[in-house]
Every structure is written in C-alpha cells, then in structure tokens.
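User: Can you walk me through a model? I'll paste it here.

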Amino acid sequence: MSIVVEELTKRYAGHPVVNGVSLEVADGEFFVLLGSSGSGKSTLLRMIAGLSEVDAGRVLLHGRDVTDLPPAKRGVGFVFQSYALFRGMTVAENVEFALSIRGVSKAERRSRRDELLELVGLAGLGGRMPRQLSGGQQQRVALARALAHRPEVLLLDEPFGALDAKVRVDLRRTVREIQRELGITTVFVTHDQEEAFELADRLAVLSFGRLLEVGPPDELYLRPETEFVATFLGTANLLVGECAAGGVRLGPVEFPLTTRAEVADASRRVQVLFRPEDVALRNSADGLACPSLGEAVVEQRAFVGSFEKLRLRLPPLPGVRAIAPPVPFGHDGVWVEAARSQDQARRFPLQPGDTTWVGVQRVHALVHPGMKFLIASDVPLGRELAQLAHAQEIAFEGSPGDEGEEAERHGCDLVILTPPPREELERAERALRDGQHHLLLVPQAHKGQTPSRVLICVAVGEPGKEDVSFSGRLARHLGAEATVLTILPEEAKEGNRAQAERFLAGSARTLWRLGVTASTRIRQGNVRDEILAELAEGKHDLLVLGTPLPGRDGELSLGGLVEKLLPLPLLAELPVLLVRSPETVS
C-alpha cells in the first residue's frame, strides 16, 4: 500500500475534527476524500502531508512510518486551492523551485521543467509571470511544481475550488490523464460530488471527522450502507419502511429487492432508497411495469440540460416516514424526486399541478440505524425509554462532564442523565457542549413512570420546528400524546397571534404525520409564569424546552428560561427534554 492511515485523530480546542480515521490507498490509485465543509477532509490530507501535527495515530507511506517526519522528508507533492505560486518568479522558476533547493543541476532542472510544462499543457509559457496567466493556468503551474521532485504521493486539496465550471472540467480531465500516465498514487480532496465521481477509483465519505464509507463511486451511489452517504451522494428518495417476505414494504406496497443491506430480523424497520432515475411516470397505473406508490401531483419541474427534474407530492403512506426529501414542516404527504430524459419528457409532458402515477423500478434497503441513547447508570427510566424507542443503549460510566464528548464519539441522538439539583444547569451545559445530541434531565425524585403526556414549549420560528420534530419522534415511540404551547406577550398584536396559530397548525400536522395525537395552545403573559401555570394543571409528565443557539464564542449557555425553571419545586419530579436548536437551517 502507498498510504496507510491508522486511527488518525486531530483536535482543535479539545474538539476532534478528525476522529480515529483509518484507511489504505493502493499503489497508483486515485483516491478521493469527499465531504461537506468542516468534515475534516482537508485536515486529514494535511496530516498525511505533515503540514498538521498528529494528536493520535500513525501515517505510513510505502511502509515507512512518517508520522513525526517534516513534509520535505515524506516524499509527497502538495497542490493547494490558492495556487501558492511565488509571485516574483516566472513560471519556469516556480516549477524548478523544489529542484533548486534540493541541489539538482541546472541542466537537469531545465529538462524536468520542460517535460512537466509540456505535460500540463503550458509548453512555451515558462517565461511568463503568474499574474499573466489565467486561474486554470496558474493551477497547472502549481501541479507541475508539485510533481517536479518526483514525489511518491500526490496530494491535492480542493485544487479547483476557485475556478469556474468549464475550467474545472478541463483541469480535472488533465489531472486524471497525468495521474494515469505517471501512475502516481493520488489523494484528492473535494466537496464536489460530480468531481469525485469522475476522478475516483475509490472514494471515502467523511462527516464530522469520521470516516463513514469507502468504496468505488458506483458502489457507494447504488448500494450505500448509511443514511448519510445515501443522501449525500446525489439526490435520494429515502423512506422508512419494513422488511417483507420477498423484499421491503412501504405502507401497502411491496417491492422486490435487487440489493439490500444485511437484515438480521425480517420484521425490523429498514430504510428504502431509490434514486430519481429509478422513478417511472405514467398516465395510468396500468402503464407502470413496476410497483406503484400511487398517484402524485407535480409540485415543481426544472429543465436541466439533457434531462428533466420533477418534484412530486404523493398522499401520505400509512406507517411510512420520509427521510429524504424531507417533508416540509406542517405538511403531510410524501415528496418524491424524479429525473427523466428529454425524450421521455416530450412523450409524456408534465407541468406543475398535473397528476401522474408513480412507480419505482429499483430499490436498495439499508438497515435502519434507529436512535442512540447515552444513558447514565443512575437513570432507571433511561433503559425503559431506549427499549420503547428501539434505540441502541450506550451506558455512560465516565466522569460527570464527559457525557457530551462520549455522545459525540458514538453519534448519539439523546443523552439521559440525573444530575444533582445543585449541579443541574452546569452539568447540562457541559453535556451539550459537544456534538449535535439532545439532553433529557431526569430528576432524582422522579418516580419512574413512562411519560405519556408531553408539553412542548416552543417559540414561533425555525428553531421551534426542531423542538416539535424531535419531540414527536420520541413521543411516537412512547405512545404519548403531545400539547404544543407557545406564549405571546400581553401586548401581542393580532398579526403575531395569526402567525402563532399558523405555526401551531403546522406543528399539529407534523406530529400527526409522525403518528402522535396532538393539541395546541396559545397563552399570553410572562413565559416562565405561563409555563408553570400550564404545568400546574397536572396534565403533563414531560416538559420540552428548546436550547438557545451558541454564543459568538461557540459556547452554549442555558441561562434565561431554563435557568429560571429547573430549580423550581414544580419540576422536582418532572423530566425535562432540552432540544438543541439547529445551528444551520436548510
């Protein structure tokens, strides 16, 4: 193997940006690291190059441990997005630079320079200055310079990110041709899926510092193993269904499987994936030569060059939950993405508002991951909740304050703990410090009954949608009813009340879609006092509150409403679910 990475970890300010990544890159392979911004892909590449220190793990290049070696002794060439050319040097001098500092003779430098400029399509331009070149030409110079000293490994960090679309296409073809001609092992970082598909022999998908899947592009696209990869690589229709005797079932419809992930229990839930090109559209159910999802309404249509994209809205499918595309908050039904050739579009034209029958020609099943709960050992209610929610239980037996880091390491959805009253707020803040999980605080005086009546306190707006959605998922598993409460100031205008009513109506529809019986309520007055007045009626045994967004320093503080409510006697026996507000809204 040219490159072996073993359990690489890198932390910034105690936060892991690369988290225990292990992978291997074969000799002569074009390997792509793919992920969204902040996934850790560039940091991983810089650790391989020696440009970032390694906190844990090892880097081996051609069997040699280079973890502690400087970049110049690793035998790698590196190409940056910013070109990083020496502005005061000519093209020829830039290409020769790595050779001149290594003491290579002038004649040999010139020979190698001319060879590389011809290879990258810049022959005859050696006397120009970087400012006299286009962006694409400058990146070709950077590539030639990286190859000048004949590195064993070539590393490219989003090298085409600053270029326009046509130049990107031309350059990536050039890079692929050069890589094949030289047979050099190459690792290429990008967030562009089309780029990754076109270039990679194999690609690795990273998210939040973790390596999720590795494989050939077509394998990961057609047969992914995880929800993230299924929805990240291209457009996906992903629905939660269940196993059937000969395949999978979505509501009343059964589909035979051409591919499936390993499912141990034939009765368990599965995620059913089909791509837009797998969707068949006809003007009647009889015209479909594949299982039908039903009759849909065309919501959107887009012309995209050689093909047409459609978004379709189906009626609700009993027992089916949509993951992608997500159903808009407050809507019912199921959205489906379809793609078809222009020839198909001409033969059966469709416009927004038209109806069409929808069939699916091919599906792939993924094992449904369910939720993960990190449960402190002193919370008897936690295990029961996990069993009802079919969640994976992870026992926490570490030191108080380490819950957040442990939850992030396991990718948990919920942390359940019982902090001592005097430490409740501080420990809650520490538990929410890392990761994207939510937090359930179970008081020591709680009697252990499973919640059956949930009070969801929300502010009208985008963050409140996450409060409703996650609470609804949990309430569905518990078989609990829900009341969604919002509180307006005494001086609220009629327009504010109308907005709140629309939001609450959407909340009720969202909970209904999740299978939760829900009611809504508006109160006016002081937020703390009105929540206490609602709780005093004794109808609720679980309180849901949203957390504020982190401050400018990135730290989450639970001061304000949460700080005012938690110490009160009325909450001495009441579990409180703190739902993390999404830091980004899609």
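Analyst: A word on confidence to start: pLDDT is the predictor's confidence in each residue, from 0 to 100. For this protein the mean pLDDT is 88, and 96% of the residues reach 70 or more. The model is predicted, so local features need pLDDT of at least 70, side-chain atom pairs count only at 80 or more, and totals for chains, interfaces and linings use all residues. Residues are numbered from 1 along each chain as its sequence is written, and side-chain values use heavy atoms, leaving out hydrogens and water.

User: Where is confidence lowest, and where highest?

Analyst: Lowest in strand 14 (residues 259–260), at a mean of 58; highest in strand 3 (residues 30–34), at 97. Strands are DSSP runs of E, at least two residues, and helices are runs of H or I, at least four, numbered from the N terminus.

User: OK, the open sheet. What's the strand order?

Analyst: The 9 strands run 24-23-25-26-31-30-27-28-29, with mixed pairing. Two strands pair if DSSP finds at least two bridges between them.

User: Which strands stand at the edges?

Analyst: Strand 24 (392–396) and strand 29 (518–524); each has a single partner strand, so one side of each has no neighbour in the sheet.

User: And strand 25, what does it pair with?

Analyst: Strand 25 is parallel to strand 23, over 3 bridges, with Ile-416 as the bridge partner of Ile-375. Strand 25 also pairs in the parallel sense with strand 26, over 4 bridges, and Val-415 stands opposite Leu-439 there.

User: Are its faces covered or open?

Analyst: Both faces of strand 25 are covered: Leu-414 and Ile-416 on one side, Val-415 and Leu-417 on the other, are all buried (under 20% relative accessible area; exposed is over 50%, partly exposed in between; 1.4 Å probe, protein chains only).
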